[in-house]
Amino acid sequence: MEESKVFKNIWRFNAFVIAAVGLLAIIVLLFATYKIIKETTRERHRSEIVNVDPDTKIKESFRLGRIKHVNGSDSVIVPLYSDQDFSLRYSGSKSTVSTRNMLFSNMSKETNSWLLPTNKFLISEHRLVNNPDTWDKDKKVITILYYIVKRDTNKDERLTSNDRLTLALSTPEGESYTEVISNVDDVLGYDVLSEEAIAVIFNRDNQGYTAYINLSDFSITKEIALPKIGDPS
């Protein structure tokens, strides 16, 4: 009789443990499902992406950002941002902020001018190129280099840095905007050779190049193909 009670208590304890484990598994599963649903339906924020999908309803607005000083120039840069909100088919909504133009403002002369004649493109990056002859932290800017995305070249209905780039230059005041290199896959960097010249290394169609640019008129003086990647032996 006592042995029967012991087995009955063990059976009850095992049943309790099994029920508790099952309940815990259900709670974990429900929590995981909740997290997955929350992750896939939450609003996502991304930068430097322009949605150009004609089949997507996009709510877009433009705003001016905070000024950026250009050392050695009387002008300041005021970026123009676009805010896009749109719904995604399977993963909720997305919000993007992208640089679409730049306003150059000379407050002492009371003059203002836009860098680009349109706000349709994406300025994925811009670099204030400094005078190489000084190590001062407040180096004089000698030119501004821009990475512009003008077309959706990878056909994903977005303008991003994954698309082909157009490299452009301007004076520190945003004048003489000139597109110097097009159809660039990737920019590896640049080097300031003098106050009158820079060299830009980039990839195009699986081939590396170095372009030498005269800053007086933003002309390419020379473009050299880099050696193919291969076995040195």
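Q: Taking contact to mean heavy atoms within 4.5 Å, which residues is R204 in contact with, leaving aside its neighbours within four places in sequence?
A: R204 meets that cut-off with R164, I181, S182, N183, D185, Y209 and E223. Before going on: this is a predicted model, where local features need pLDDT of at least 70 and side-chain atom pairs count only at pLDDT 80 or more, while totals for chains, interfaces and linings use all residues. Residues are numbered from 1 along each chain as its sequence is written, and side-chain values use heavy atoms, with hydrogens and water left out.

Q: Why is R204 called buried?
A: Buried means under 20% relative accessible area, exposed means over 50%, and partly exposed is in between (1.4 Å probe, protein chains only). R204 comes in at 18%, so it counts as buried.

Q: What makes the link between R204 and N183 a polar contact?
A: The side chain of R204 reaches the backbone oxygen of N183 at 3.4 Å. A polar contact is a pair of N or O atoms within 3.5 Å; within protein, one must be able to donate a hydrogen and the other to accept it, and residues adjacent in sequence count only if both atoms are side-chain atoms. At 3.4 Å, the R204 pair therefore falls within the limit.

Q: How do you know that E223 and R204 form a salt bridge?
A: The rule asks for a side-chain nitrogen of Lys or Arg within 4 Å of a carboxyl oxygen of Asp or Glu. The closest N and O atoms of E223 and R204 are 3.8 Å apart, so the pair qualifies. E223 lies in strand β16 (residues 219-225) and R204 in strand β14, so this bridge ties together parts 19 residues apart in sequence. Strands here are DSSP runs (E, at least two residues), and helices are too (H or I, at least four), numbered from the N terminus. By that count the chain has 1 helix and 16 strands.

Q: Why is E223 called partly exposed?
A: Its relative accessibility is 37%, so E223 sits in the partly exposed class.

Q: What makes R164 and D185 a salt bridge?
A: Their closest N and O atoms are 3.0 Å apart, so they pass the salt bridge test. R164 is in the loop between β10 (158-159) and β11, and D185 is in the loop between β12 and β13, so the pair ties together parts that are 21 residues apart. R164 has a relative accessible area of 23%, so we call it partly exposed; D185, at 31%, is partly exposed as well.

Q: How do you know that E195 and K140 pair up?
A: They are 3.4 Å apart, N to O, so they too make a salt bridge. This one links distant parts of the chain, with E195 in the loop between β13 and β14 and K140 in the loop between β8 and β9, 55 residues apart. The whole structure holds 8 salt bridges.

Q: What makes a set of residues a nonpolar core?
A: It takes buried Ala, Val, Leu, Ile, Met, Phe, Trp, Tyr and Cys residues joined through side-chain atoms within 4.5 Å. The largest one has 24 residues, and those touching the most other members are L167, L169, V180, I181, V184, V187 and I198. Among the strands giving it two or more residues are β8 (122-130) and β15 (207-214), while β9 gives the most, with 4 residues. A second, separate core of 13 residues includes F121, I123, I144 and I148.

Technical notes. Contact means heavy atoms within 4.5 Å.
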